[in-house]
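Trainee: I've got a model open and I'd like to learn how to read it feature by feature. Can we go through it together?

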Amino acid sequence: MKYQKTRQANELKIIPLGGCEEVGRNMTVFEYGNDIVILDMGIQFPEEDMPGINYVIPNTKYLQGKEKNIRGVIFSHGHLDHIGAAPILLEKLNNPTVIARPFTIQMIKHRQEDYSAGSSQKLKTILIKKLEDKIKLGVFEINFFQVDHSVMDAVGIILKTPKATIIHPGDWMMEHGPINKQKIRYDHLSQLKKPTILMLESIGSINTKKPVTEKEMIDNLKRVIDKAPGRTIIATISSQVQRIKQIMEYASKNNKKVSLDGFSMKMNIEIAKKLGYIKVRKDVLVPINKISNYPDQKVIMLVTGTQGESQRRPRDGIHLGSSGAE
Ligand SMILES: [Zn+2]
């Protein structure tokens, strides 16, 4: 018995509660002795064989009775498949401390308010101000690294434990032609203390076609907008905040108006603007019911809701409202 207890204390456990070989419901538990750190709390969007289901959340039964050991929940970025279940699970786990970068924290707060008004006040947060920040959570030392993703403030996580160093990039992509920044290098990860455990999977990894770079994509988009004989209507998922930012900034520089439609789209852009991540002239955004005041060629409409919602509410997106998900 005594032997077992010592062994238990020196064991590193990595327990994915969702997000392994599936898209969505991302949540991973890291446990060492009496210390638990969690990465992400996402929802999964229902598939075709789940009629009547609005969203699926990770099963946290493993954490029952261990709530007091949870030293913190780190969120890698603000997409719903990584933060969507936070309003439900944080409360269930006695409101552990939330650790994330500014955009992600604001997204979580919005989601929280949407779920239950006033509940974001209860959130205990540690803001990752710089990528160089180091955070100690029990026995775990947490470091961060930059990754490319379609939303602002996505981070990769390094968890240093007495047994091994875990590297988890969250959601990431390899961008070969970034705009306004250097190509991200990852070689610094090879310097970390061994043994290292690299946790990653990728939905596009078996695609051998040369990827389109961000620069090619944006150049194409600008060409289409410039040549459009009338209004340009761009449908995108609202989680593509980086691309929406580029379109808005392009519109701002070229004296065009942008109109947003869709609940998640408006919310994401509002947060990004407040944090200063999207810089446009004040007069660029116009309400959708005012677009007829401008020449058609001057108007770009950015429309839609959120991830995985095509069969349901094409305009409003998933709304984790207190009445359940609408
Ligand atoms: Zn993502």
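Mentor: Sure, let's begin with one proline: at 45% relative accessibility, P211 counts as partly exposed, because buried means under 20% relative accessible area, exposed over 50%, and partly exposed in between (1.4 Å probe, protein chains only). Before we go on: this is a predicted model, so local features need pLDDT of at least 70 and side-chain atom pairs count only at pLDDT 80 or more, while totals for chains, interfaces and linings use all residues. Residues are numbered from 1 along each chain as its sequence is written, and side-chain values use heavy atoms, with hydrogens and water left out.

Trainee: Where is P211 placed, and which residues does P211 touch?

Mentor: P211 lies in the loop between β11 (196–198) and α5 (214–227). Helices (H or I, at least four residues) and strands (E, at least two) are DSSP runs, numbered from the N terminus. Contact means heavy atoms within 4.5 Å; not counting residues up to four places away in sequence, P211 touches H176 and E216. Sequence distance can mislead you here: P211 and I197 are 14 residues apart in sequence and 27 Å apart in space, C-alpha to C-alpha. Now take P178, in the loop between β10 and β11: P178 and E216 are 38 residues apart along the chain, and their C-alpha atoms are separated by 9.7 Å.

Trainee: Is P178 buried or exposed?

Mentor: P178 counts as buried, because its relative accessibility is 19%.

Trainee: How do I read the metal site? Which residues coordinate the zinc ion?

Mentor: Look for donors, which are N, O and S atoms within 2.8 Å of the metal (3.2 Å for Na, K and Ca); water is not among the atoms, so sites may look incomplete. Here the zinc ion is coordinated by H77 (NE2), H79 (ND1), H149 (NE2) and D171 (OD), at 2.1 to 2.3 Å. Along the chain, these donors follow the spacing H-x1-H-x69-H-x21-D. One pair links distant parts of the chain, 70 residues apart: H79 sits in the loop between β4 (70–74) and α2 (80–83), and H149 in the loop between β8 (140–146) and β9 (155–160). Both H79 and H149 are buried.

Trainee: Why is the arrangement around the zinc ion irregular?

Mentor: Check the angles. Four donors count as tetrahedral if all angles lie between 85 and 135 degrees; four count as square planar and six as octahedral if opposite donors are over 155 degrees apart and all others between 65 and 115; anything else is irregular. The 4 donor atoms around the zinc ion subtend angles of 92 to 160°, which makes the arrangement irregular.

Trainee: On to strands. How many bridges pair β9 with β10?

Mentor: Two strands pair if DSSP finds at least two bridges between them. β9 and β10 have 4 bridges and pair in the antiparallel sense, with a hairpin joining them through 4 residues. L159 stands opposite I166 in β10, and K160 has T165 as its bridge partner there. On another side of the pairing pattern, β8 and β9 are antiparallel over 6 bridges, whereas β10 and β11 run parallel, joined by 3 bridges. I166 also stands opposite I197 in β11.

Trainee: Which way do the residues of β10 point?

Mentor: T165 and I167 point one way from β10 (residues 165–168), I166 and H168 the other way, and all are buried. β9 is mostly covered too, with 5 of its 6 residues buried.

Trainee: And the nonpolar core?

Mentor: In soluble globular proteins, nonpolar side chains tend to be buried together. A nonpolar core is a set of buried Ala, Val, Leu, Ile, Met, Phe, Trp, Tyr and Cys residues joined through side-chain atoms within 4.5 Å. The largest one here has 52 residues, and those with the most contacts inside it are I38, M41, F75 and L302. α6 gives the most to this core, with 6 residues. A second, separate core of 17 residues includes Y32, I99, I157 and I166.

Trainee: Last one: which residues of α7 are buried?

Mentor: They are S264, M265, M267, N268, I269, I271 and A272. Their cover includes α4 (102–115), α6 (241–253), β13 (257–261) and β14 (299–303).
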